[in-house]
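Colleague: I want to test the labels used for this model. Show me the value, then the rule, then the conclusion.

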Amino acid sequence: MASKKKLLQAAAGGAGGAGLDVDEVFSTYLYEGTGSAQTITNGIDLSGEGGLVWAKSRTDNGVPTLYDTARGTQKPIFSSSTSAEGNDAAGGATNGLNTFNSNGFTIGADWAGNINVANQDMVSWTFRKAPKFFDVVTYTGDGDGTGRAISHNLGSAPGMILIKKLSSATNWIVYHRSEGGTKYLELDNDNVANTYNMFDNTDPTSTHFYVSGYHKVNQNGETFVAYLFAHNNSDGEFGPDSDQDIIKCGDFQTSGSGAASVNLGFEPQWLIVKAVNDAYNWEMYDVMRGFARRGVAVLKANTNVAEADGAAEGAFTPTNTGFSTASYWGNNVRLIYMAIRRGPLAEPENATDVFQPHIYTGDGSTRKQNLNITPDMVINMNRSTSGDSPALNDRLRGKGKEMYTSGTGGESNYPNLGMQFDYNNAIEVQDYRDSSGSNYLNLCWKRAPGYFDMVAYTGNDTLRTINHNLGVVPEMMWLKRRDSSDLWYVYHSALGAGKRLTLHETDAESSDTSTMNNTAPTASVFTLNTNVNHVNANNSKYIAYLFATVAGVSKVGSYTGNGSTQNIDCGFSNGARFVLIKKTSDTGHWVLFDTARGIVAGNDARLKLNSTDAESSSYDDIDPLSSGFTLNNVPLCNTSGASYIFYAIA
């Protein structure tokens, strides 16, 4: 989002208009350590607004390290340690985090080996100061023994507070709203909750938090920092209408079988949890590193160990309304959490922010491919050689779980294969999708309200509705069973709820009044019927991909062929960069075109989602048009009197 627009939104938010988006106040950013200066551009204004950076090595043991704008640059503290505040400048003038920027931060040589280790994968979590989200407060202890009130600017009662003495060594003291002002936890260890007067036996308010005279939170003459995280409870002021919650602090208890489900009212992108009645670590998850993969890609705030990547599932799975767990934590364990919502909250204004057709030539290796977006779904297609099925990968299901749009098979489960998503503005392609000399296409989508959404769910063989976060009525949906062979079920609004298509076949539309109970989706749910293996078999795993029209960005529509030339107006200003077309009144391929390979006034490079065929450029199917695209007299896309559906992206 442009800086001018951000300023206008902030001003409007104060007057009851648009509020801040999640992506303006929080970022998970993955980067490779270099051991030398590099700038992390994550879109968070730290120099102007202030905030916190929390960073950790993923691939090796390394201390989780925190820097904040209240204390200044080159002053690390460590969540796994009781140590006092460090001094990166002692190792060099530009070591450590040395600049807070308007769109991120700059780090220098990593003399302490924590946030910029050469050739190691790193992660940073950035929290921007904003009302009802996050605040940073520093203070000097007075140790008067009677407690004191310390003012803050969070604008609401904090849900969680982390307090650390800076001038000498001591534990991190944690307040959590679920434990109240009479109990505390320690961030630097796995201890259970303790009852002690750390917070003057008083819960914080929207203007103050309280500390006792105890030396860990208020020793006379010592300096302290406090990080305050909000708890939105239908009072958040974020999003286009300033009415959305983006951060929650709460608790839950696992059942006698170890299961639990938490309803946040939103889909989380970041989660920290801690058991309060048993000795468990502070575990941290985020969608960039693989939150969706359940039980893997965990880091721990209170230890220095590298990222866990175990095979066992069961820790946490994000849902479209919260998160769930199976048996990872054991039975009857009570845990506290803080969760941050997945963004963005506003519809995209530019298609280049949410879609990219990307081409490359294989070199026989596994390698990182740089992109202009951070994708949530990628369809990979071999342009040169027949026999390779189009492979669909997505962030929600996790790495190594490919599905193939030209067949009915379930998803693969090879974590080291398929597209690797744990990069910002990039993906990693494996060697079998990078054959030397072959040409490839990656079609990359990013999730955004009104544009594109994904929902993973488990079938239960009952008439039901499934919640989604598209925010508008889906105009096209692809549904696929993941754990077994079954058809790719396609709903399209031009056909209605009583008709279906199949993505892997050339079949014409067919009547289907049972699968979706003959019910069109709404802006919040879609409907599934009973006894339908395609979409709702009991205990089977499914994924749904939802698409819709955003003015000037995407268009889901239909047309009737005229056997000649006709213009398809999508409401675009610079033409379509991607077009998918399917004949519905008779058999026909799911044929696609894109500007990376060429939508030109001449023969066009054509691929098919339902086929393993190589690319063909034998026909002049479509031509450029500023408002959309132009169809030519080609039977595949414009037979006179035939009905077609299409999906286009500007």
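Colleague: Why does Cys 444 count as buried?

Modeller: Its relative accessibility is 0%. Buried means under 20% relative accessible area, exposed means over 50%, and partly exposed lies in between (1.4 Å probe, protein chains only). So Cys 444 counts as buried.

Colleague: And where do these values come from?

Modeller: This is a predicted model: local features need pLDDT of at least 70, side-chain atom pairs count only at pLDDT 80 or more, and totals for chains, interfaces and linings use all residues. Residues are numbered from 1 along each chain as its sequence is written, and side-chain values use heavy atoms, with hydrogens and water left out.

Colleague: Is Cys 570 buried or exposed?

Modeller: Buried: its relative accessible area is 7%.

Colleague: Why does the sulfur of Cys 570 form no bond with the closest cysteine sulfur?

Modeller: The closest cysteine sulfur is in Cys 637, 13 Å away. A disulfide needs two cysteine sulfur atoms within 2.5 Å. So the sulfur in Cys 637 is too far for a bond.

Colleague: How many disulfides does the structure hold?

Modeller: The count is 0.

Colleague: Now charges. What makes Glu 237 and Lys 132 a salt bridge?

Modeller: Their closest N and O atoms are 3.2 Å apart. The rule asks for a side-chain nitrogen of Lys or Arg within 4 Å of a carboxyl oxygen of Asp or Glu. So Glu 237 and Lys 132 qualify.

Colleague: What makes this a link between distant parts of the chain?

Modeller: Glu 237 and Lys 132 are 105 residues apart. Glu 237 is in the loop between β16 and β17, and Lys 132 is in the loop between β8 and β9. Strands here are DSSP runs (E, at least two residues), numbered from the N terminus.

Colleague: How exposed is Glu 237?

Modeller: Glu 237 has a relative accessible area of 45%, so it is partly exposed. Lys 132 has 13%, so it is buried.

Colleague: What salt bridge does Glu 267 form?

Modeller: Glu 267 pairs with Arg 447, with the closest N and O atoms 2.8 Å apart. Glu 267 lies in the loop between β18 and β19, and Arg 447 in the loop between β31 and β32, so the pair ties together parts that are 180 residues apart in sequence. Both Glu 267 and Arg 447 are buried.

Colleague: And which residue forms a salt bridge with Arg 500?

Modeller: Asp 512, with the closest N and O atoms 3.3 Å apart. Arg 500 is in strand β36, and Asp 512 is in the loop between β37 and β38, 12 residues apart. Arg 500 and Asp 512 are buried.

Colleague: What joins Arg 58, Asp 286, Arg 289, Glu 307 and Asp 422 into one network?

Modeller: Salt bridges that share partners. By this rule the count comes to 34 salt bridges.

Colleague: Why do β41 and β45 stand at the edges?

Modeller: Each has a single partner strand, so one side of each is left without a neighbour in the sheet. The sheet is open, with 3 strands in the order β41-β46-β45 and antiparallel pairing.

Colleague: How do you know that β45 and β46 pair?

Modeller: Two strands pair if DSSP finds at least two bridges between them. β45 and β46 have 4 bridges, in the antiparallel sense. So the rule is met. Asp 623 stands opposite Thr 630 in β46.

Colleague: What is special about the phi of Asn 201?

Modeller: The phi of Asn 201 is near 55 degrees, a positive value in a residue other than glycine. Most residues other than glycine have a negative phi, and most peptide bonds are trans. Asn 201 sits in the loop between β14 and β15. At 45% relative accessibility, Asn 201 counts as partly exposed.

Colleague: What about Asn 518?

Modeller: Asn 518 has a positive phi of about 55 degrees and is not a glycine. Asn 518 is found in the loop between β37 and β38. Its relative accessible area is 44%, so Asn 518 is partly exposed.

Colleague: Which peptide bond is cis?

Modeller: The one joining Gly 343 and Pro 344, with omega about 0 degrees. Pro 344 is found in the loop between β24 and β25.
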